[in-house]
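Work through the following exercises with the sequence and the coordinates open side by side. Each task is followed by a solution that goes step by step.

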Amino acid sequence: HNGPLTRVMKMVPAEIVAGYVPLVAIAEAISDKPDTRFTLAVGAFIVGLILTPIYLILVGKPNKWYHWVNVGVGLISFVLWAYVLGGPFAMEQMNAYLWAYDQRIASFVVGLFTWAVGLFPYDKLQSSG
């Protein structure tokens, strides 16, 4: 089915997904110390946050404003997708930095974002050259 999470995931490069998912899983299983798990999971998120725009710039070679929109949408999509997955955001230590994690709210925000992106000719912008 082509729900909001599926659409957002399509906006995140597959190479980023392929790296982030196992890193967070390893972070969650690597230690019996919650603080260590949290630090490693946050580290994976930060690496994804850095690599997503770099990847989109290297692969997409943006040279027009709408190409840069694609980079921005991809970065926001990564953040929302990672948030819905949980990872460091669902860990108790994150409550000191953010609000308590609720996947229903995360899914609602992804739905709003997907709706907002859908109002713009995003698919046309992606394929414009």
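**Exercise 1: a loop residue and its backbone**

Lys61 is found in the loop between helix 3 and helix 4, where helices (H or I, at least four residues) and strands (E, at least two) are DSSP runs numbered from the N terminus. The model is a predicted one, in which local features need pLDDT of at least 70 and side-chain atom pairs count only at pLDDT 80 or more, while totals for chains, interfaces and linings use all residues. Residues are numbered from 1 along each chain as its sequence is written, and side-chain values use heavy atoms, with hydrogens and water left out.

Task: state the phi of Lys61, and decide whether Lys61 is buried or exposed.

Solution. Begin with the backbone: phi of Lys61 is near 45°, a positive value in a residue other than glycine. Then turn to the surface, where buried means under 20% relative accessible area, exposed over 50%, and partly exposed in between (1.4 Å probe, protein chains only). With a relative accessible area of 59%, Lys61 is exposed. For a further positive phi, look just after helix 4, where Gly86 takes a value of about 105°.

**Exercise 2: the chain as a whole**

Task: describe the secondary structure of the protein chain, its buried share and its exposed area.

Solution. First, count the elements: the protein chain has six helices and zero strands, and from the N terminus on they run α-α-α-α-α-α. Next, consider burial, for which buried residues make up 36% of the 129 residues in the chain. Finally, the chain exposes about 7800 Å², of which carbon and sulfur atoms supply 69%; accessible areas come from the Shrake-Rupley method with a 1.4 Å probe, and for residues only the protein chains shown count as cover.

**Exercise 3: helix 2 and the surroundings of Ile16**

Task: find which residues of helix 2 are buried, and then list what Ile16 touches.

Solution. Helix 2 has 16 residues and reaches 23 Å from its first C-alpha to its last, close to the 22 Å expected at 1.5 Å a residue; the expected span is 1.5 Å times one less than the number of residues. Its buried residues are Ile16, Val17, Tyr20, Val24 and Ala27. Seen down the axis of helix 2, these buried residues fall within an arc of 110°, so they line one face of the helix; the arc is that of the directions from the helix axis to the C-beta atoms. On the other side of helix 2, Ala14, Ala18 and Ala29 are exposed.

Now take Ile16 by itself, which is buried with a relative accessible area of 9%. Leaving aside residues up to four places away in sequence, Ile16 touches Leu51, Thr52, Tyr55 and Phe78, where contact means heavy atoms within 4.5 Å. The C-alpha atoms of Ile16 and Gly48, 32 residues apart along the chain, are separated by 6.5 Å. For the chain as a whole, among contacts between residues at least 6 apart in sequence, 67% join residues at least 24 apart.

**Exercise 4: helix 5 and a salt bridge**

Task: identify which residues of helix 5 are buried, and say which side chains meet in a salt bridge.

Solution. Helix 5 (residues 103–118) has 16 residues and reaches 22 Å from its first C-alpha to its last, close to the 22 Å expected at 1.5 Å a residue. Ala106, Val110, Phe113, Thr114 and Val117 are its buried residues. Viewed down the axis of helix 5, they fall within an arc of 100°, so they line one face of the helix. On the other side of helix 5, Arg104, Ile105, Phe108 and Trp115 are exposed.

Side chains of opposite charge can pair when their charged atoms come close. A salt bridge is a side-chain nitrogen of Lys or Arg within 4 Å of a carboxyl oxygen of Asp or Glu, and a search of the whole structure finds one. The side chains of Asp102 and Arg104 meet in this way, at 2.8 Å from N to O, and Arg104 is exposed with a relative accessible area of 66%.
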